[in-house]
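Let's take a walk through this model together, starting at one end and working along. Have the sequence and the 3D view side by side as you read.

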Amino acid sequence: MFNTMPARNLAQLLQISFNMVSRTLSSLHSVLHVPEDESQPVRLFHLSFRDFLQDSQRCSDSRFQIDEKERHTSLFRKCMSHISQLEENMCNLWGPGVLIAEIPDDTIQKCIPPHIQYACRYWFDHWRLGNPVEEDIKTIREFLEQHLLHWLEGLSLIGEVSNGVHMMIALEEMLSVSCNAH
């Protein structure tokens, strides 16, 4: 994960039950801070725990080992699932040309909850750091054909358009290198 989030939003992002996330997190209380206030993000006490789980030399039990590339690929696919559901005028704005400053923050948070914001911001990074296959590239192309403007609208509402532009430039470079290699 590139950003922390509350357990409920984590469950939504991962498309698993909140109860499953809660049970898992409660068993990790010695290495995680799971706040009583459900609106607060879950945090690792020590980043070294993450490093431990990713190092097969240190974490010898394969049930607990994390393949970082596989996790990024999985998170990329979850993010794509979420952002492929974006629609035009997701906050039901009263007309074109509305200033972001005129939109109440709680309206944006309601229309674009934290797990969707995360997906909008980080799908590309997860794809870039994962083990993508040709089907993932096809998914990206279909997404861009059908939802590019919806995604840009979402990024605009959460103040991340410039990051979206950088993602598109990097994506174009990566795909052109990939196509030239074949």
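Helices here (H or I, at least four residues) are DSSP runs, as are strands (E, at least two), and they're numbered from the N terminus. What you're looking at is a predicted model, where local features need pLDDT of at least 70, side-chain atom pairs count only at pLDDT 80 or more, and totals for chains, interfaces and linings use all residues. Residues are numbered from 1 along each chain as its sequence is written, and side-chain values use heavy atoms, leaving out hydrogens and water.

Start with N3, which sits in the segment before α1. N3 is partly exposed, at a relative accessible area of 35% (buried is under 20%, exposed over 50%, partly exposed in between, with a 1.4 Å probe and protein chains only). Setting aside neighbours within four places in sequence, N3 is in contact (heavy atoms within 4.5 Å) with Y118 and Y122. N3 and R43 are 40 residues apart in sequence, while their C-alpha atoms are 9.6 Å apart in space.

Next comes α1 itself, residues 7–14, whose buried residues are A7, N9, L10, A11 and L13. Covering them are, among others, α2 (18–26), α4 and α6 (114–129). Right after α1 you'll find Q15, with a positive phi near 60°.

Now follow α4 (residues 68–83) over to α7 (residues 134–157): these two pack at an angle of about 35°, with axes 10 Å apart. Axes are lines fitted to C-alpha atoms, for helices over the stretch in contact, and angles run from 0 to 180 degrees between N-to-C directions. On the α4 side, T73, F76, R77, M80 and I83 meet D136, T139, I140, F143, H147 and W151 of α7.
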